[in-house]
Each structure stands twice: as structure tokens, then as C-alpha cells.
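Student: I should like to work through a protein structure by question and answer. May we begin once the sequence and the model are in view?

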Amino acid sequence: MEEMEEELKCPVCGSFYREPIILPCSHNICQACARNILVQTPESESPQSRRASGSGVSDYDYLDLDKMSLYSEADSGYGSYGGFASAPTTPCQKSPNGVRVFPPAMPPPATHLSPALAPVPRNSCITCPQCHRSLILDDRGLRGFPKNRVLEGVIDRYQQSKAAALKCQLCEKAPKEATVMCEQCDVFYCDPCRLRCHPPRGPLAKHRLVPPAQGRVSRRLSPRKVSTCTDHELENHSMYCVQCKMPVCYQCLEEGKHSSHEVKALGAMWKLHKSQLSQALNGLSDRAKEAKEFLVQLRNMVQQIQENSVEFEACLVAQCDALIDALNRRKAQLLARVNKEHEHKLKVVRDQISHCTVKLRQTTGLMEYCLEVIKENDPSGFLQISDALIRRVHLTEDQWGKGTLTPRMTTDFDLSLDNSPLLQSIHQLDFVQMKTSSPVPATPILQLEECCTHNNSATLSWKQPPLSTVPADGYILELDDGNGGQFREVYVGKETMCTVDGLHFNSTYNARIKAFNKTGVSQYSKTLVLQTSEVSSERLPLRRMSPFSSTLNLQPSFPRRSYFDFRPSPHQLSLHSSLQSLNAPGCNFETQSAPYSQLVDIKKLLAVAWFAFDPGSAHSDIIFSNDNLTVTCSSYDDRVVLGKTGFSKGVHYWELTVDRYDNHPDPAFGVARIDVMKDVMLGKDDKAWAMYVDNNRSWFMHNNSHTNRTEGGITKGATIGILLDLNRKTLTFFINDEQQGPIAFENVEGLFFPAVSLNRNVQVTLHTGLPVPDCYSSRASIA
């Protein structure tokens with residue numbers, strides 16, 4: 001219960017409410033605090049002067065927000081009250097709980113009377129400290145405001161449930177333990193506060209002071225205060241005025257103040273409002289439960305974030321260590337190459353040194369020998385060997401020719417390490433942000449009113465959904481071979497209309513379209529069945545796969561002309577060569593993902609209905625767009641719009657997609673008579689059969705009777721399907737292709753119009769000409 005404590009404290013004094021009164025804005029304030037924040041207004045703004053000037057406005061208009069905000073400056077934080085003779089011009093103060101409080105125009109006079117009995121300055125104005133709406137008091141002053149007895153009872157029970165030690169109610173900071181309680185003032189005092197605030201003299205000397213424990217018992221045993229009328233203090237409330245939304249007494253009714261108003265018994269309205277509050281609390285309880293679960297989810301996220309952080313850090317360290325290890329391995333490999341080059345250079349140079357040393361030794365020995373021979377004096381002996389020595393000297397000299405005295409190896413290392421790419425990669429090393437990829441385009445919508453078949457040609461037209469924000473780079477049109485075979489692409493491009501000719505006469509083709517962009521491709525559109533002519537010029541309509549559908553208004557406008565108006569495409573595409581392969585017997589196509597073996601024979605099908613909303617019969621607050629296929633509302637109240645087409649036989653199915661869904665409203669979907677009430681929720685009267693649904697659950701409603709509460713609600717993007725089977729006289733609802741609850745209504749007969757009720761928080765788009773859901777078709781075939 002401690003979480004409730006803030007609800008029990010006055011926004012001015014910050015303490016528990018004492019004798020709380022209810023302001024016209026439904027906020028509460030202590031009676032004493034209300035007197036403290038009174039502001040005196042000019043004579044021209046008083047209720048008496050307004051009545052004298054002929055104004056017929058009542059003193060307390062609870063619904064006139066402009067008048068209640070007459071002296072608040074557009075919800076600003078200041079209460080300057082400019083132009084008043086005695087109005088303050090200082091900013092407002094803040095109460096202990098942080099709520100702005102407007103200061104009084106003058107200090108209240110010292111008095112020992114209770115706030116309710118003390119005189120109120122003439123022409124006083126009170127401003128709510130929470131919403132800053134102002135109201136001029138009449139001659140009754142603060143006694144004109146009803147007292148909140150329920151709040152007093154809640155505070156008493158709350159204080160009794162607190163700790164056993166009773167605290168002083170007048171201590172400003174840390175409350176001390178109470179020593180006495182005044183039965184007349186109904187206040188607990190400690191000794192210092194009793195001497196300061198409740199001296200035993202004057203009128204206070206007659207008050208009875210009792211111990212706190214005895215005071216608590218007397219509080220608990222004291223009879224509940226009976227709420228009396230603010231205009232007739234001796235009369236108890238006995239009735240409730242529905243228009244004024246306030247309890248009244250018997251004398252108020254006798255005086256005729258509520259003569260034209262609806263008045264009900266106080267006990268009955270007490271039970272009704274208790275029931276309504278309990279129902280409202282159920283929804284709030286669901287929100288609180290969701291909030292608790294959300295907090296648990298957030299706390300789990302904190303732990304998961306910590307665990308993921310440790311795991312990610314370990315992964316990052318491992319990745320960096322792997323890079324360092326790879327770099328070290330590469331470093332060792334490069335160093336091995338450098339050492340190999342070093343050893344090779346040394347070997348070459350040392351071999352050359354060794355070779356040159358040997359040759360130089362041989363040359364030096366030959367030179368020394370030749371010098372010794374020259375010293376000999378024997379001419380005949382010298383001539384015997386001189387020719388050979390001369391040849392040896394020339395030969396040795398030739399051996400020291402070009403390249404012999406040139407180093408075979410340079411001292412420089414012809415290796416250059418290019419580390420710039422690696423450094424650049426290291427500098428660019430960063431985390432890859434996991435961004436959500438751009439979405440694929442929305443599924444195209446085939447424009448049935450612009451599609452037709454003519455002889456052995458077919459013209460198809462399509463468009464992107466009206467509220468689609470993802471652009472498409474192009475479209476892919478696929479047809480089967482006319483014999484229920486696999487699909488094959490016959491057109492790829494940016495155009496939204498294509499004429500395919502060269503088809504077989506008297507054949508059935510299935511067509512579908514999808515959009516694509518750089519991210520990927522969309523889902524396929526609904527499959528359309530095309531029937532070519534039986535060698536004639538009659539233009540046949542495209543037909544959807546529904547063995548049950550029929551409508552009232554699908555008659556051809558002219559002889560030998562279908563409901564579809566033939567509109568030649570400005571970008572016609574001749575596909576004779578492609579279609580020859582399509583029509584060729586035994587040709588193999590790529591297998592598509594969607595199963596189409598369950599298609600129904602086109603000759604067994606009837607035309608389906610496509611329609612839009614009817615602006616002529618809709619409420620004036622309904623806003624139309626998208627060729628009257630999309631509707632919303634300008635009012636916060638529910639308003640009804642009907643479809644243009646009425647049904648009295650056959651099986652019909654249509655869907656509505658929720659384009660916008662704010663603040664959890666409860667739109668209603670269904671069927672209605674043409675004279676249904678347009679200014680209330682669909683199903684409130686006996687002219688409509690509907691399902692209303694919020695974000696969690698749905699109900700069926702007819703003639704204001706609610707049945708079959710079913711879990712499962714709607715959000716933005718949800719699809720609501722309505723299946724009206726007049727053959728079986730049933731109405732069934734679907735949400736996101738799943739049946740919502742049992743069959744909603746049975747024994748429905750007559751002429752019905754598709755209907756929707758919504759307010760400004762909802763926008764829906766109508767989709768018609770749709771096949772009956774497969775689940776219902778299966779059940780119908782079994783039945």
C-alpha cells in the first residue's frame with residue numbers, strides 16, 4: 001500500500017489530505033490549503049457582475065475548459081494574473097511534492113474558525129495546483145465544493161495500517177511520536193506541536209485531548225460521515241443527476257434545479273459506477289501486469305547485456321590475438337627469408353675471396369719465379385724456357401680479365417617490405433554495425449477495374465499499396481501455361497500495366513505479380529484467373545477463386561461488354577515468342593514455391609463484388625481517401641461508414657487492413673442495415689451486427705449485447721476479414737487469416753451493407769473481390 005501514498009497527499013502542503021474537497025477539474029485539495037491559495041479577482045469578473053450583465057452561464061461549468069482556464073496562462077508555470085487589482089505578479093511556488101502552487105493575493109486573516117466556516121474574501125478565485133485551471137467562487141465560497149468522504153475513509157484506513165507508533169501530524173521535518181490526540185480537531189500532536197498549535201486557552205480549552213492509542217480506537221469506531229448536499233447542508237444525498245454527474249438531495253429536485261435532467265437512484269448509480277470502475281481496473285491491471293513482465297524482461301536484458309559484453313570482449317581479444325599470432329608467424333617467415341639472403345650473400349663473397357686468394361697466390365708465385373729467372377746469366381738456358389714463361393705470364397694476365405676483380409654480390413639487400421596495405425587495414429579495423437537491411441517492397445495490388453480479357457489477349461494493371469513507403473525498382477508478371485502448369489515470367493520491368501497477347505482461345509490462365517528492389521522481392525499478389533474468349537470479341541471479366549461468391553450489382557453495363565472496362569495499355573507488350581514456349585506442349589518450367597494444385601475450375605466460379613465506402617450515407621466526421629477505399633475520422637467518438645454495395649444472397653468476403661492504430665481504441669467491423677445509427681459504435685442498436693476489438697481481445701455485439709469475448713487483438717498492419725454467408729445465414733470474423741471466435745451471428749436475413757465504426761485514432765483500408773478463406777471453403781465442402 002505504500003505505493004498509494006502519493007495519491008493520498010495534498011499537492012499544496014504535501015501531507016495527507018485533511019477535509020479534502022473536490023474541485024471542478026476532479027482534483028482534490030485540503031480545505032485549509034484551498035483557502036490559502038485563494039486569489040481575489042476584479043469586481044468585473046465576479047459571478048454577480050456576470051449575472052447582472054445578462055450572462056446565462058452557470059457559476060460552475062465543469063465542461064467549459066476555456067472558462068476554467070480563464071486565469072491560467074496557457075498551462076505555463078506562472079500565475080501572473082495580469083490586470084487584476086490585487087493579483088500577484090510573482091512566479092508560482094512549488095509544494096513539497098513538486099506541484100506548482102499559486103501564492104495567495106494576501107495573507108489570510110488570523111482566525112480560530114475552521115476553514116469551512118471562516119469568511120471568504122469577496123470575488124475570490126481558486127486555481128487548481130495540479131492542472132492550473134481557475135474558477136471564480138460564488139457566495140457559498142469553499143462550501144460550494146463537495147467534500148471527498150471516500151478519500152477521507154481511504155486515508156484513515158491507510159494510516160491505521162501503518163506502523164504501531166503514531167506520529168505527530170504537524171511536525172515539519174522528521175515527525176516525532178505523538179503524545180495526544182484532539183478528538184475535536186482529529187489531529188495527533190507531539191508535545192512541542194501541541195503547545196505551539198493547540199494551546200489550552202480560548203475555544204481550544206474545551207477540546208478533549210486523549211492518548212494516541214485511544215484516539216486511534218475512537219477514530220476506528222466513529223460512525224462514517226454522511227455526505228450532505230452542498231446547497232442544503234441538512235439534507236443527505238439521495239439521488240444522482242446523470243447530466244450534471246453529481247449527487248443531489250430531495251430538496252434540489254423540489255426546487256427544480258434538475259427538472260429536465262435524468263435523475264437516478266443514488267444506490268443504483270453507486271453500484272453501476274463501481275462496476276464500471278472495476279471493469280476499467282481490469283484493463284489497467286492488464287497494463288500493470290504487462291509492465292511488470294516488461295520490467296522483468298529489462299532486468300533480464302541487463303544480465304544478458306553483461307554476459308554478452310564479457311563474451312564479446314573475449315571474442316575481440318581472441319580475434320586480436322589471432323591477428324597478432326598471424327603477424328608474428330609472418331614476421332618469422334620474413335626474417336627467415338632475410339637470413340637466407342644474408343647467408344647467400346656471405347657465401348658468394350667468401351667463395352670469391354677464396355678463389356681470388358688462390359689465384360693471387362699463384363700469380364705472385366709466377367711473378368717471383370719469373371724475376372728469379374731473369375737474374376740468371378746463362379743465355380742458352382734462359383732462351384730454352386723464356387717462351388714458355390712468356391706464354392704463362394700472358395695466360396695468367398688474361399685470367400685476371402674483365403669481371404674477375406668485380407664483386408659478384410652487392411652489399412645491399414634487394415628486399416623491400418610493403419606494409420602500407422596492412423597498416424591501412426589495421427587503421428580501418430572496426431566493428432561492423434549490424435544495421436537492419438532495407439525492406440523489400442510491399443505486395444502489389446491488382447487493379448481489377450482496369451483488367452480485362454479480349455479475344456486471346458489479357459490486359460493486367462497493378463499498383464503499390466497506397467501507404468507503402470518502400471519504392472519498387474520493378475515488377476515481375478508470371479502466367480501459367482493455361483493448363484494449370486507451373487508459372488513462368490512473361491514480363492519484367494517498371495511499368496504497371498501490361499497486355500499479353502498470343503494466348504489460346506477458350507483457355508484459363510492464372511496470373512500473379514510481385515515487386516522487387518535491391519533488397520529482394522515481395523510476396524506474390526493474389527492469384528487471378530483469366531478466361532480467354534471462345535473465338536469471339538466479347539470481353540470477359542477477370543474472376544477470383546471463390547466457389548461461393550455472388551453480388552447484386554455486377555451486371556454488364558452494355559450488351560457484349562463485361563463489367564471490366566477495357567482500357568488499352570500505353571505500354572503494350574507483345575509476347576508471342578514467350579507465349580509460344582508457354583503454350584508449347586511438354587515444356588518444362590521452373591518450380592514455383594506456392595502450391596496451385598488446389599485451384600478451382602473457373603467454369604464453376606461466379607463473379608465477386610468489389611466496392612468502396614459510401615460518402616453519401618456516412619457520418620460527416622468520416623474522412624475519405626484513396627478513391628474512398630481508406631477511411632478515418634476527425635472525432636474522438638465512434639462514427640459509422642457503410643459500403644456502397646448491399647448483399648441479400650450469396651457468400652461474400654472482404655478485408656480491412658489497419659493502417660493506423662493509436663492509443664488502443666476499439667473499432668468495430670461488420671454489417672448493418674442502411675438506416676443504422678451513424679453516431680455510435682457499430683452494434684449499439686438492432687440495425688448492426690459487429691465485432692469490436694482492441695489490442696488484446698474482441699467481442700461480438702448486436703443491439704448493445706456483448707458476447708463471446710475472445711483473446712487476440714489488432715495492431716497496426718493487422719487484417720480483419722468479414723465473411724457474410726447468406727446461403728447459411730451466418731456472419732464470421734477473421735483476424736490475420738485466422739477465425740476469431742466461433743460463428744458470430746446466425747439467422748441473419750435481409751439486405752446488409754458492409755460497415756465500420758472508428759474514431760480519429762484508427763485508419764483502415766478496404767480490400768474487396770477476395771476469395772473465401774481456405775479454412776471456410778474446406779468446411780463448406782465437407783458440409
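**Strands, cores and rings**

Tutor: Ile623 stands opposite Thr632 in strand 24. The model is predicted, so local features need pLDDT of at least 70 and side-chain atom pairs count only at pLDDT 80 or more, while totals for chains, interfaces and linings use all residues. Residues are numbered from 1 along each chain as its sequence is written, and side-chain values use heavy atoms, with hydrogens and water left out.

Student: Over how many bridges do strand 23 and strand 24 pair?

Tutor: Strands (E, at least two residues) are DSSP runs, as are helices (H or I, at least four residues), and both are numbered from the N terminus. Two strands pair if DSSP finds at least two bridges between them. Strand 23 (residues 622–625) and strand 24 (residues 630–633) pair in the antiparallel sense, and the number of bridges is 4.

Student: Which residue in the turn of the hairpin of strand 23 and strand 24 has a positive phi?

Tutor: Most residues other than glycine have a negative phi. The hairpin has 4 residues between its strands, and the one in the turn with a positive phi, of about 55°, is Asn626.

Student: Which strands stand at the edges of the open sheet in the order 12-11-13?

Tutor: The 3 strands of this sheet pair in the antiparallel sense. An edge strand has a single partner strand, so one side of it is left without a neighbour in the sheet. The edges are strand 12 (246–248) and strand 13 (263–265).

Student: At what angle does helix 8 run to strand 13?

Tutor: Axes are lines fitted to C-alpha atoms, for helices over the stretch in contact (heavy atoms within 4.5 Å). Angles run from 0 to 180 degrees between N-to-C directions. Helix 8 (residues 266–374) lies across strand 11, strand 12 and strand 13, and its angle to strand 13 is about 85°.

Student: Which strand supplies the largest share of the largest nonpolar core?

Tutor: A nonpolar core is a set of buried Ala, Val, Leu, Ile, Met, Phe, Trp, Tyr and Cys residues joined through side-chain atoms within 4.5 Å. Buried means under 20% relative accessible area, exposed over 50%, and partly exposed in between (1.4 Å probe, protein chains only). The largest core has 37 residues, and those with the most contacts inside it are Trp654, Leu656 and Leu724. Its largest share, 4 residues, comes from strand 26.

Student: Why is the pair of Phe611 and Phe647 edge-to-face?

Tutor: Rings of Phe, Tyr and Trp (its six-membered ring) pair if their centres lie within 6.5 Å; planes under 30 degrees apart count as stacked, over 60 as edge-to-face and the rest as tilted. Both Phe611 and Phe647 are buried. Their ring centres are 5.9 Å apart, and the pair is edge-to-face because the planes stand at 65°.

Student: How far apart in sequence are the parts that the pair of Phe611 and Phe647 ties together?

Tutor: Phe611 lies in the loop between helix 11 (576–583) and strand 23. Phe647 lies in the loop between strand 25 (639–642) and strand 26, so the parts tied together are apart in sequence by 36 residues.

Student: Is Asn663 buried or exposed?

Tutor: Asn663 is found in the loop between strand 26 and strand 27. Asn663 has a positive phi of about 60° although it is not a glycine. With a relative accessible area of 65%, Asn663 is exposed.
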